[in-house]
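Reader: Could you walk me through this model? I would like to begin with the metal site and then turn to the aromatic rings.
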Amino acid sequence: QAKKAGRNDIRFFDQQMQDTINARASMEKDLHKALEREQFQLYYQVQVNSSRQVVGAEGLIRWVHPKRGLVSPCDFISLAEETGLILPIGEWVLDTACAQLKAWQQDETTHQLTISVNVSTKQCRQSDFVALVKTSANKFDINPALLKLELTESILLENVEDIIATMQELKEVGIHFSLDDFGTGYSSLQYLKQLPLHQLKIDQSFVRNIAIDHSDQAIVRTIIAMASSLELNVIAEGVETEEQQKFLQKNHCNHYQGYLFGKPSPIDQFEVLLK
Ligand code: C2E
Ligand code: MG
Ligand code: MG
Ligand code: MG
């Protein structure tokens, strides 16, 4: 009896595994065609300063699938990374952001706005990454200082020297770097001080309970103090309430991003919000 049940368990497990494998394969097949079918959109979320003036936006990718609907990057970026599709997708993101910067540059109410884009480690480690970014910036004739690349601490896991060289080359043409999700990953302070960064981005997990949680308050104060002594700009992500913003402002974090100021939205809606 036990043996029989056991066998059934195994068969059930196999079926679940098979379903997972099929779902992934189907997603992968669709993802391969998503670029040529123009199914990606770049959403924009505002970034503001302590006077609540808009200083820029983060570009966040969305996949608009005819059957699946709006697919969140959390559900396809890791697959894109595993399959290498993140490379052409990443190029599309860069081009889209640069085209938008170009459009903003031509209007005096928007010409100083920055755009941040997320860059996967795999993308940043491709041998022609520097050339790709430069090509994109040149093609749209943008001011490179308005383009910010967001990297995560996972970039520090191996061959840090290569990454520093890549970042340095891009910094020389004026491009800025922000360290995303800061505090959640592997962060050797030894490496951190060597990276040519412009900004630290405090992860939203520390911001969430900042109005009540003393440990989070201590961590955030420490990140802000460290950023300040390394002469880095600091931005908090996931700011949803006035209380969170007040705490951050009182502790000299002067840039914020989160639902309190605006959700990520398609460009048309974003531009309405700007006005
Ligand atoms: P991230 O770069 O850390 O982006 C922040 C995430 O927090 C975004 O989720 C954003 O929509 C969400 N968020 C913003 N404000 C709030 C808030 O006030 N409260 C809460 N609870 N959440 C907030 P999203 O858009 O789903 O993106 C998830 C992650 O996917 C991003 O995290 C980033 O790591 C990755 N990603 C997004 N776009 C791209 C891309 O173009 N390329 C790559 N490689 N990764 C991307
Ligand atoms: Mg980001
Ligand atoms: Mg983040
Ligand atoms: Mg995050």
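Author: Gladly; this is a predicted model, in which local features need pLDDT of at least 70, side-chain atom pairs count only at pLDDT 80 or more, and totals for chains, interfaces and linings use all residues. Residues are numbered from 1 along each chain as its sequence is written, chains are lettered from A and ligands numbered from 1 in the order in which they are written, and side-chain values use heavy atoms, with hydrogens and water left out.

Reader: Which protein donors does the magnesium ion (ligand 2) have?
Author: They are Glu 58 (OE), Asn 118 (OD1), Glu 150 (OE) and Asp 180 (OD), lying 2.0 to 2.2 Å from the ion; donors here are N, O and S atoms within 2.8 Å of the metal (3.2 Å for Na, K and Ca), and since water is not among the atoms, sites may look incomplete.

Reader: And which residue coordinates both that ion and the magnesium ion (ligand 3)?
Author: Asp 180 does, with the two ions 4.0 Å apart.

Reader: Is Asp 180 buried or exposed?
Author: Asp 180 counts as buried because its relative accessibility is 7%, where buried means under 20% relative accessible area, exposed over 50% and partly exposed in between (1.4 Å probe, protein chains only). Asn 118, at 31%, counts as partly exposed.

Reader: Switching to rings, how many aromatic pairs are there?
Author: The count is eight aromatic pairs, taking rings of Phe, Tyr and Trp (its six-membered ring) with centres within 6.5 Å, where planes under 30 degrees apart are stacked, over 60 edge-to-face and the rest tilted. Tyr 44 and Phe 270 form a tilted pair, because their centres are 6.0 Å apart and their planes lie at 50°.

Reader: Any cluster, and which residues are in it?
Author: Ring pairs link Phe 40, Trp 63, Phe 76 and Trp 92 into a cluster.
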